[in-house]
Amino acid sequence: MFVERKILKNMDWTLLVTILLIISFGIISISSAITVKSGVDYWEKQILWALVGLVVMVLVQIFHYEDLAKGAKIIYVLNVLMLALVAIIGREAKGAESWINLGPVAIQPSEFAKIFVIITFASYLSQKQGELRKFRDLIPCFIHVGIPMIFILAQPDLGTALVFVAIMFGMLFVGGARPLYLILIIIFGLTMAIGGVYLHQNGVVSLPLKEHQLERLTIFTNPESDPRGAGYQVLQSQIAIGSGGISGKGLYKGTQNKYDFLPEDHTDFIFSVIGEELGFVGSTIVLGLMFIMLHRGIRIAAEAKDFFGTLVATGIVSMFLFHIFENVGMTVSLMPITGIPLPLVSYGGSSMVTNMISVGLLLNIYLRRQKIMF
Amino acid sequence: MEAKVIQRKLNIFTAIVFILFLVLIGRVGYLQFFFAEKFNLESMSNRLRMVAVPAARGEIKDRNGNILVKNKQAYNISLSLIDLQKEDRPRVYQRLAEVVGIPVNEVERAVYEQPVNQRHEPVIILSDVSFDIVTRVEEHKNELDGVSVDVEPIRYYPYGDFAPHVLGYLRQVGDEEYNAFKEKYPDEQYRPSDRFGRAGLEKTFESELHGLDGARRIEINSRGRAVRELGIKDPTPGNDLLLTLDKDVQVAAEQALVRTMERVQKEFKNAKAGAVVLIDVRTGAIIAMASKPGYDPNRFLKPIPAQEWNTNFSDNLPFPPLLNRNLQVYPPGSTFKMVTAVAALENGWHPEREIRDPGYFMSGGRAFKCWNIRGHGTVDLEKSLQVSCNVFYFNVGRTIGHEKIAQYARAFGLGEKTGVSLPSEMDGNVPDSKWKKEVNESLLNNRYKRIYQQVEDEYAEKINKAANPEEKEKLVKERDRKLANKREWYRIEYDFNTKWQHFDTLNMSIGQGNNLYSPLQLANFTAAIANGGTLWKPYLVDKIIGPDGGLVKELKPEVLKKVPASANNLALVRKGMLAVTQPGGTAAGIFAGFPIKVAGKTGTAQTGKDRDNHGLFVGFAPYDNPQVAVAAIVEYGGSGGATAGVISREVLAAYFKVKTEQKEVVNRGMEE
């Protein structure tokens, strides 16, 4: 079995084992987080999603990732159409229209849109190889990422939109844009964002943001100012993690979690459950595994046989990095609350499948890293 | 691009990832290493709660141990919205409304009106429901998600509208009142949801009755639901009150009030309020204290809508039911004549001195009439009380002067609070020249200030509109003339109103005018005449009994003061009072055939031009060995004997357990 031997030999076993460990960690945490929730066994469903994800990941190995570059234009158009569809028939959840009902399951197209953008943008950048030195070369890039992003902002889903930004900058950096420009743009963007919010709050300008969005964005700077309202999640999350101490209160023994003081504890705030029940040790293990995953991703980018592969891997790593930093950051009051999940750990089907496709793509790129294969 | 360049960029990328992860781990470690203790405490305070276990409130019993106030278990129907899916709510509201038998909008309103800070707790839809409703709710339990039946101990007044003014009622206080209370009694354990005694003994003896709440230490979840109980501290029940009140006499007193008022309403349609009080002349113990209209204290356990309050309970009603009329003040009418009599005797008036009563008394060129326009003939002290002769007392008043009368009124405790342990006792007023000046001067000044201002305003407008200077000048002169005229009137009125006048003395000596005393003061003053001059402090609570049945406190009778009157003089007055109920006396008809010798005095207080008189009666019995004193009033009831006299007779009959004939007495609206 020539093919099988090749695959086994070229497989990135470290990455595979790492993500399996992360997923297991996630399922155990979810099983703790949902014991007080009635009716639904989220952790069993999450196992199901993980299995679906693994199947999808394997399926991703079948085709040559390079073929994706050829279909980039079609993917791009389909992506935009899909997001436009959400805008029209989307189902509302927590003030944002981001779901589409497909019979028994509801999917979140913005999750898949991230991968599509990574692929199409990688294709675009790989064609422009070396032609990103000037500032004006960056403008088409912004437009490329900006169009799908605007639909997501309109949902409104600021968190996912910011993931797009992170993906774009990661890919631009590796794709050849001048770091100075990128840094300047980031500084400029942050200044505009902070200044804009400041001026909005002081009534000078009016941003198209709903009140609850704005509160969620700014409350992390001072959660005590509204401990029962906007600051509640952050404070309770900090209490959970902090009270975990070095070794935690023990699995299934977190009182913040068990007595439901932690909101969204099986999805966005799953890391708080880990922090409370498993303490610094558990948190470090999870973050360590995450780091290994990203490190492997970067290695895959470096070893890819073509620039397209490098860029796709970079985009995926950038996406994971932003998700992890933002998600964990918000649980410890370092980052604003934007409601994006912790990859492979938080409960959620769309997120799990998307992340497994991403991992599958990384493995695909790694599998085909040698110029001559099959 | 060269592979070397990409590799370098990816190395930088790795470094960025590494740094960001260090930041995260650093932050997590910072919280978990340095703040573990602080956050641990916060997580404990999140989940641990002390839940008060209300102490059973003390019971109130009458002198024979009959329970007048107790506690009972109330069943509340409540709805927990947390356990109810949003889409199921309309269905459950509808079904619940049908099962308990109220309109569905009342269920919705209860949910809607739940205070925001209590939203994590179940909403009480109906409180204190019948057992029948409880059964129905239990039967339909499967259709009523989130609905539960809770048990709550509540105050219960088994006799309803019975002595409410003595017993009082409980009410939940508003935040403001709660904070004020908390400031006043920082050590008392009260929660904002507690019901406080707000009237009567429930209020005065709040701290005895309330007891000490216990506490349960429980673990809760974020919705405030108890998850686990960690410990309990038992509550200490409140103390019981053993009253001096006699339930049976009290019932008789209330019935007598209601019956008598209904009877006289045919002629005196405003005879709708009255009071009667019976006290022990040997101790000051209050045996019965009734006031009508009354109310059912049970009603106050639930919130009372403003509309209902205004129509049923407000103090702005013509006959406000919350007032304890035994503690309100009224002109005493002729019941005051004993004060004048004692003052006269103590100042050398001979008891056998006779006065001729032609039916009027001349003073300052005016005739002051006796109530009997034909006159009472020759009248001595005994007869003056028996027939209630005004002319006799006009003579006394002019002879001894009003200050002596005021002095004895005060000596008998009139015009000052008795100190009975009930809230809102009024003190009343003994009129004298100093008082007259104080009260009327400011009234007069205020009135004239307005009058002057009116003139000024009227002319200010006219002068403003004046067409030419001549007209203006004319108007200014006219205004000044008018003001000067008003000032002249002020001087005349000032002299008349602020200086003590002869007729003031005459009015005072027969208990009209500005004498204002409460029925309780009158009863106490009568008791002092009866017992030979001791003014006891009237009291209602005899013993305070602890939850274990042990005596906590016994409230001994207290002497307020001794009346500076000789035993002989008081005996003379008593003799006159006996004559009142004997043939020829103003209350002879009422007490004819009454098996016990009663001494008394009728009184009819003038209330103003177009209104009927208040009828009063004071008395004591038995004449030879006085045990109890009584005072009664029927507002706008006409003559004292036919109203208050009858009521007093019924109360005495109940106390002495004797039968009395239901005699109809003619009520001519004046002294009989």
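Okay, so let me start with a question: is A:E303 buried, exposed or partly exposed? Have a look at the structure while I set the scene. One thing up front: this is a predicted model, so everything I say is about computed coordinates.

Back to the glutamate. A:E303 has a relative accessible area of 29%, so it falls in the partly exposed class. Its side chain meets that of A:R299 in a salt bridge, 2.8 Å from N to O. Both residues sit in helix α13 of chain A, four residues apart, which is about one turn of the helix. And A:R299 comes out partly exposed too, because its relative accessible area is 30%.

Stay on α13 for a second and find A:R296. This arginine pairs with A:D12, with the closest N and O atoms 3.0 Å apart. Here the partners come from distant parts of the chain: A:R296 is in α13, while A:D12 is in the loop between α1 (2-10) and α2 (13-33) of chain A, 284 residues away. How open is that pair, then? A:R296 is at 12% relative accessible area, so that one is buried. A:D12 is at just 2%, so buried as well.

If you want a contrast, try A:K70 and A:D67, a salt bridge at 3.1 Å. They are about one helical turn apart because they are three residues from each other in helix α4 of chain A, residues 66-70. A:K70 is exposed, at 69%, and A:D67 is partly exposed, at 37%. Over all chains, the search turns up 38 salt bridges. There's also a network of them in chain B, linking B:R57, B:R155, B:E202 and B:E206.

Now, A:E303 has another neighbour I like, A:R369, in the segment after α15 (349-367) of chain A. Beyond its sequence neighbours within four places, A:R369 contacts A:N10, A:E303, A:A304 and A:K305. Its side chain reaches the backbone oxygen of A:N10 at 3.3 Å. With 18% relative accessibility, A:R369 counts as buried, since the cut-off is under 20%.

In α15 itself there's A:S350, buried at 9%. A polar atom of the A:S350 side chain lies 3.0 Å from the backbone nitrogen of A:Q108.

Zooming out, chain A has 15 helices and three strands. Of its 374 residues, 59% are buried. And among contacts in chain A with a separation of 6 or more, 71% join residues 24 or more positions apart.

Right, the interface. Chain A and chain B bury about 3,800 Å² between them, and 76% of that is on carbon and sulfur atoms. How many salt bridges cross between chain A and chain B? Zero, by the rule used here. What the count does give is seven residue pairs in polar contact between the two chains, both residues at pLDDT 80 or more. On the chain A side, α13 gives the most, with 14 residues. In total the contact takes 48 residues from chain A and 36 from chain B.

Last stop, the surface. A:I246, A:V281, A:I285, B:Y30, B:F33 and B:F34 make up a nonpolar patch with about 600 Å² of accessible area together. Helix α13 of chain A and α1 (3-34) of chain B each give two or more residues to the patch. The largest share, three residues, is from α1(B). B:Y30, in that helix, counts as partly exposed because its relative accessibility is 37%.

That's my tour, happy to take questions.

Methods. Residues numbered from 1 in each chain as written. Chains lettered and ligands numbered in written order. Predicted model: local features only at pLDDT ≥ 70, side-chain atom pairs only at ≥ 80, totals over all residues. Heavy atoms only, no water. Patch = residues over 30% accessible without salt bridge, like charges linked within 9 Å, V, L, I, M, F, W, Y side chains within 5 Å. Areas by Shrake-Rupley, 256 points an atom, 1.4 Å probe, with all protein chains shown as cover. Salt bridge = Lys/Arg side-chain N within 4 Å of Asp/Glu carboxyl O. Buried < 20%, exposed > 50% of the residue type's maximum accessible area, 1.4 Å probe, protein only. Contact = heavy atoms within 4.5 Å. Buried area = accessible area lost by both parts, 1.4 Å probe. Polar contact = N/O pair within 3.5 Å; in protein donor to acceptor, adjacent residues only side chain to side chain.
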